[in-house]
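Reader: I am in my first year and have not read a structure like this before. Please take the charged pairs for a close look, and then show me what lies around them in the rest of the fold.

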Amino acid sequence: MITLSLCMIVKNEEDVLSRCLTSVSGIFDEIILVDTGSTDHTKEIASAFTDLVYDFAWIDDFSAARNFAFSKASMDYAMWLDADDVLLKKDRTELLSLKSSLSPDVDVVMLPYHTAFDENGNPTFSYYRERIIRLASGLRFAGAVHESIAPSGTVIYGKAAVTHQKLHPSDPDRNLKIFEKQLNEGGLADPREQFYYARELYYHKRYEDAVRWFQVFLNGGRGWVENNIEACRFLAYSLYGLGREDEALESLLNTLKYDCPRAETCCDLGKHFLDRNLYPQAIFWYELALLQKRDDTSGAFVIPDCYDFLPNLQLCVCYDRIGEHQKAASYNEKAGALKPQNPMYLKNRQYFQHIL
């Protein structure tokens, strides 16, 4: 059986660190905690779980901190977590099973990362991350923000999901400040950094700047296909924010240059037409969303609801608006079969019981 290090970087995480480390107890052969400048009781809490607690002076570079943590690991493999991540009971079992059966020639294990949830705790936003790395492979993190390891060698996909359970918001300006520091000191030549910088600009409602940087990224022609598709979608959102609706629609349609439509894009297009009371066009795109095959291993940011619940619910709205109430009710029931306690489904159900 392979040996496994847990490598974490932390700062002022006293409210979540114990929860995280308790959720993974008994799995790892060593735990490496790298503190980047805590002023609370984070280090004391860490010391209750491991003697391997190190200090690392923060230099506005997440990769540098994570790679320092990896440098302290002495096992065959290293797995990284954030302090507000946890392993649920079923995922603990999956990870233990993976550890006992993992072939020692595997370089990277990709695991699901669940980061947003519905009212019943089901993931509504999920994607695979390079989570477990064979240390002898030499693979390490790159990127000051949204750091990642480019998977190479022998890569497998596991079932043990990491669940993100944030209790408090992080500094909303942190990533933007790091990117703009990079920009001032030497520019952003890497396409991945251009993409994430543009997305931070969108989140900060700096739509003109976001449009410019999404265009820089896309026009550079060096982006990964999933980032290209996502950039077209976020470029559209930025253009909507500027009232440039025709250009936003064009940007959404431009996703088709890169690959067959994703359900997420189909739902964006459906919303474009639904918002303008163009119901036949909206119906076309929502029905197309239902036909798309969800591929969690693509590396894309996956919104599971776009593949079933959301298009069913929106088709209910569209058909109701054009007077086909029976058909609308049937789509609402399809949505309800997926989420029987969803308040929108229940409200629609009461409405159809009244009018039918």
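Author: A residue is called buried when its relative accessible area is under 20%, exposed when it is over 50%, and partly exposed in between. The model is a predicted one.

Begin with the pair at Arg-294. With a relative accessibility of 37%, Arg-294 falls between the two cut-offs and therefore counts as partly exposed. Arg-294 makes a salt bridge with Asp-296, and the closest N and O atoms are 2.8 Å apart. Asp-296 is also partly exposed, at a relative accessible area of 25%. Side chains of opposite charge can pair when their charged atoms come close. The count of such salt bridges in the model comes to 24.

Another of them joins the side chains of Asp-305 and Lys-339, again with 2.8 Å from N to O. This pair links distant parts of the chain, 34 residues apart. Asp-305 sits in the loop between helix 11 (279-291) and helix 12 (309-321), while Lys-339 sits in the loop between helix 13 (325-338) and helix 14 (343-355). Asp-305 and Lys-339 are both buried. Some salt bridges share partners, and in this way Glu-180, Arg-206, Asp-209 and Arg-212 are joined into one network.

The next pair is Asp-60 and Lys-181, whose side chains meet in a salt bridge of 3.2 Å, N to O. Asp-60 belongs to the loop between strand 3 and helix 3, and Lys-181 to helix 5 (residues 174-185), so the bridge ties together parts that are 121 residues apart in sequence. Asp-60 is partly exposed, with a relative accessible area of 28%, and Lys-181 is partly exposed at 34%. The backbone at Asp-60 deserves a look as well: its phi is positive, about 60°, although the residue is not a glycine. His-146 is another non-glycine residue with a positive phi, about 50°. His-146 lies in the loop between strand 7 (123-134) and strand 8 (155-157), and at 24% relative accessibility it counts as partly exposed.

The loop of Asp-60 starts after strand 3 (53-55), so to speak of its surroundings we can follow the strands.

Strand 3 runs parallel to strand 2, and three bridges join them. One position to find is Leu-33, which stands opposite Val-53 in strand 3. Between these two strands the chain passes through helix 2 (residues 42-47), in a right-handed β-α-β crossover. On the other pairing, strand 1 (residues 4-10) and strand 2 are parallel over six bridges, and Leu-6 has Ile-31 of strand 2 as its bridge partner. Strand 1, helix 1 (residues 17-23) and strand 2 also form a right-handed β-α-β unit.

Strand 2 itself (residues 30-35) is mostly covered, with six of its six residues buried. In a regular strand the side chains alternate between the two faces of the sheet. In strand 2, Glu-30, Ile-32 and Val-34 point one way, and Ile-31, Leu-33 and Asp-35 the other way. Leu-33 is also one of the contacts of Leu-17, along with Met-8, Val-10, Thr-42, Ile-45, Ala-46 and Ala-83, once neighbours within four places in sequence are left aside.

From here the view widens to the nonpolar interior. In soluble globular proteins, nonpolar side chains tend to be buried together. The largest nonpolar core of this model has 103 residues, and those touching the most other members are Met-8, Leu-17, Phe-28, Phe-70, Met-79, Leu-95 and Ile-132. Helix 8 supplies the largest share of this core, seven residues.

Helix 8 (residues 225-241) has 17 residues and reaches 25 Å from its first C-alpha to its last, close to the expected 24 Å. Of those 17 residues, 14 are buried, so helix 8 is largely enclosed by the rest of the structure. Just after helix 8 comes Gly-243, with a positive phi of about 75°.

One last residue to look up is Thr-265, in helix 10 (residues 263-274). Thr-265 is buried, with a relative accessible area of 2%. Residues up to four places away in sequence aside, Thr-265 touches Ile-229, Arg-233, Leu-252 and Thr-255.

Conventions
Residues numbered from 1 in each chain as written. Predicted model: local features only at pLDDT ≥ 70, side-chain atom pairs only at ≥ 80, totals over all residues. Heavy atoms only, no water. Helix = DSSP H or I, 4+ residues; strand = E, 2+ residues; numbered from the N terminus. Expected span 1.5 Å × (residues − 1). Buried < 20%, exposed > 50% of the residue type's maximum accessible area, 1.4 Å probe, protein only. Core = buried A, V, L, I, M, F, W, Y, C linked by side-chain atoms within 4.5 Å. Contact = heavy atoms within 4.5 Å. Pairing = 2+ DSSP bridges. Right-handed = clockwise from strand over helix to strand, strands pointing away. Salt bridge = Lys/Arg side-chain N within 4 Å of Asp/Glu carboxyl O.
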